[in-house]
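Biologist: I would like a close look at one part of this model, followed outward as far as the computed geometry allows. Please take it step by step, and tell me how each label is reached.

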Amino acid sequence: MAFAPRVFSGMQPTGNLHLGNYLGALTRWVEMQSTHDCIYCIVDLHAITASWQDPKELRQSIRDVAAAYIASGVDPKRTILFNQSQVAAHAELAWIFNCTARLGWLNRMTQFKEKAGKDRENASIGLYDYPVLMAADILVYRATHVPVGDDQKQHLELTRDIAQKFNSDYREQIAEAGYADGQFFPLCEPVIMGPATRVMSLRDGTKKMSKSDVSDLSRINMTDDHDTIAKKIQKAKTDMDGIPSEEAGLAGRPEADNLVGIYAALQNGSKATVLTEFGGAQFSTFKKALADLAVAKLTPVNAEMRRLSADPAEIDRILKNGAERAAAVAQPIISETKRLVGFG
Ligand code: TYM
């Protein structure tokens with residue numbers, strides 16, 4: 001069966017979204033709305049896997065992330081926008097996939113190893129099972145394209161493995177149901193594109209920009225104001241050399257490479273164009289231009305987030321409507337999956 005193109009992606013409502021989330025994923029989500037049927041999710045079931053979340057704060061975070069999506073350009077009329085826990089089919093399909101995925105596959109997941117750290121025995125089962133739920137998120141809509149940052153690549157490979165094994169485990173039932181090419185679930189394509197698929201920490205160019213870094217100076221939050229953004233860029237770590245004229249000159253210089261990549265992504269251009277403009281300049285000049293660009297891009301988003309957040313009832317209404325629309329897409333797919341497996 002040729003699958004109709006459909007986009008799915010999600011973010012966790014754990015604390016503030018940052019520039020990595022914005023440039024690595026959100027800007028791509030917004031672009032894809034004009035060419036695809038899109039479903040964007042706030043993955044609250046995933047949010048409780050790494051650590052206990054205060055329920056009041058979690059509820060607030062869900063609304064904040066919804067506001068960040070909309071302020072960045074996600075259009076809840078055109079696109080389905082909802083929070084994962086409100087569509088039960090995600091958890092139902094995850095259970096079936098728990099019996100499709102193999103322990104050996106999950107044992108290879110690098111993100112689990114990083115997040116669990118040394119205290120593995122104390123990690124939740126949910127953290128270990130996180131990528132299986134992610135596969136269910138995508139496949140419960142039979143999504144074909146998944147725009148994400150580079151760190152999600154391995155999880156998407158696992159999603160493809162799960163789809164393939166399910167298609168193979170139930171090949172007779174799938175053929176009987178009339179799927180001529182034996183494909184019940186699609187093998188989705190990761191969409192990892194642009195100059196900022198991996199935005200690095202402003203304090204250490206070898207570490208990913210992340211919500212969990214103890215230093216707030218390491219990241220630009222989408223809620224940061226004008227002065228904070230400028231201060232963080234001014235304090236960003238650099239090396240002794242200036243801006244090179246060619247990309248080869250960024251090799252082995254992770255901090256310079258990161259700042260140039262951020263500039264390129266904010267400008268919706270390439271690193272090569274940035275280097276043509278700034279090659280030979282000192283970091284002080286480049287940082288000033290970067291701060292101005294970041295402020296110009298992010299402060300209107302920030303203002304819109306605050307405007308939307310002032311009306312939580314409206315956000316709740318949007319999420320409820322999105323959950324109803326998402327459930328309507330997922331329902332026939334989960335029902336058919338259960339029938340193939342032999343349930344009911
Ligand atoms: P989360 O919330 O950790 O990240 C959300 C998105 O932001 C991207 N990202 C980055 N991109 C570039 N540079 C960075 N420093 C950076 N940090 C984060 C992530 O790659 C991601 O695209 N597991 C997912 C959430 C999820 C999901 C899904 C995604 C759950 N189910 C189904 C796609 C499809 C995650 O990492 O969320």
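Biologist: In which helix is R339 found?

Modeller: The model is a predicted one, and in it R339 is found in helix α14, which covers residues 312-341. R339 counts as exposed because its relative accessible area is 51%, and the cut-off for that label is over 50%. A second value places R339 against a residue elsewhere in the chain: its C-alpha atom is separated by 60 Å from that of I243, and the two residues are 96 residues apart along the chain.

From there we can turn to a pair of helices, α11 (residues 254-267) and α13 (residues 283-309). Two packed helices are described by the angle between their axes and by the distance between those axes. For α11 and α13 the axes come within 10 Å and cross at roughly 35 degrees, and the crossing is left-handed. On the α11 side the contact is made by A256, L259, V260, I262, Y263, L266 and Q267, while α13 contributes F283, F286, K287, A289, L290, L293, A294 and K297. Sorted by class, this contact has twelve nonpolar residues, one polar residue and two charged residues.

The loop between α11 and α12 (271-278) holds N268, whose phi is positive at about 60 degrees although N268 is not a glycine. Most residues other than glycine have a negative phi. N268 is exposed, since its relative accessible area is 61%. R142 offers a useful counterpart: its phi is near 50 degrees, again a positive value in a residue other than glycine, and R142 is found in the loop between α7 and β4 (145-147). R142, however, is buried, because its relative accessible area is 13%, where the label requires a value under 20%.

The empty spaces of the model come next. Rolling a probe the size of a water molecule over the atoms shows where such space is left. The largest pocket has a volume of about 1,100 Å³, and of the 41 residues that line it, the closest to its centre are Q12, K115, D151, Q152 and K208. The elements giving two or more residues to this lining are β1 (6-11), α1 (19-32), α2 (44-47), α6 (110-116) and α7 (125-139). The lining of the largest pocket divides into 16 nonpolar, 17 polar and eight charged residues.

Among enclosed spaces, the structure holds one cavity of 30 Å³ or more, and the largest cavity has a volume of about 60 Å³. It is lined by M109, Q111, F112, K115, L127, Y130, P131 and H155, with α6 and α7 as the elements that give two or more residues to the lining. By class, that lining has five nonpolar, two polar and one charged residues. K115 therefore appears in two places, being one of the residues closest to the centre of the largest pocket and also part of the lining of the largest cavity, where a lining residue has an atom within 4 Å of a point of the space.

Q111, another residue of the cavity lining, lies in helix α6. Q111 counts as buried because its relative accessibility is 10%. Leaving aside its neighbours within four places in sequence, Q111 is in contact with D151, Q152, Q154, H155 and K208. Of these partners, H155 is itself one of the residues lining the largest cavity, while D151, Q152 and K208 are among the residues closest to the centre of the largest pocket.

Definitions and conventions: Residues are numbered from 1 along each chain as its sequence is written. This is a predicted model: local features need pLDDT of at least 70, side-chain atom pairs count only at pLDDT 80 or more; totals for chains, interfaces and linings use all residues. Side-chain values use heavy atoms; hydrogens and water are left out. Axes are lines fitted to C-alpha atoms, for helices over the stretch in contact, and angles run from 0 to 180 degrees between N-to-C directions. Helices (H or I, at least four residues) and strands (E, at least two) are DSSP runs, numbered from the N terminus. A crossing is left-handed if the near helix is turned anticlockwise from the far one by less than a right angle, and right-handed if clockwise. Contact means heavy atoms within 4.5 Å. Ala, Val, Leu, Ile, Met, Phe, Trp, Tyr, Cys and Pro count as nonpolar, Asp, Glu, Lys and Arg as charged, and the others, Gly among them, as polar. On a 1 Å grid over the protein atoms alone, a cavity is a set of points where a 1.4 Å probe fits but cannot get out, and a pocket is an open set with protein on both sides within 12 Å along at least five of seven lines; lining residues have an atom within 4 Å of a point. Grid points are joined across faces, edges and corners, and a volume is the space filled by probe spheres set on the points. Buried means under 20% relative accessible area, exposed over 50%, partly exposed in between (1.4 Å probe, protein chains only).
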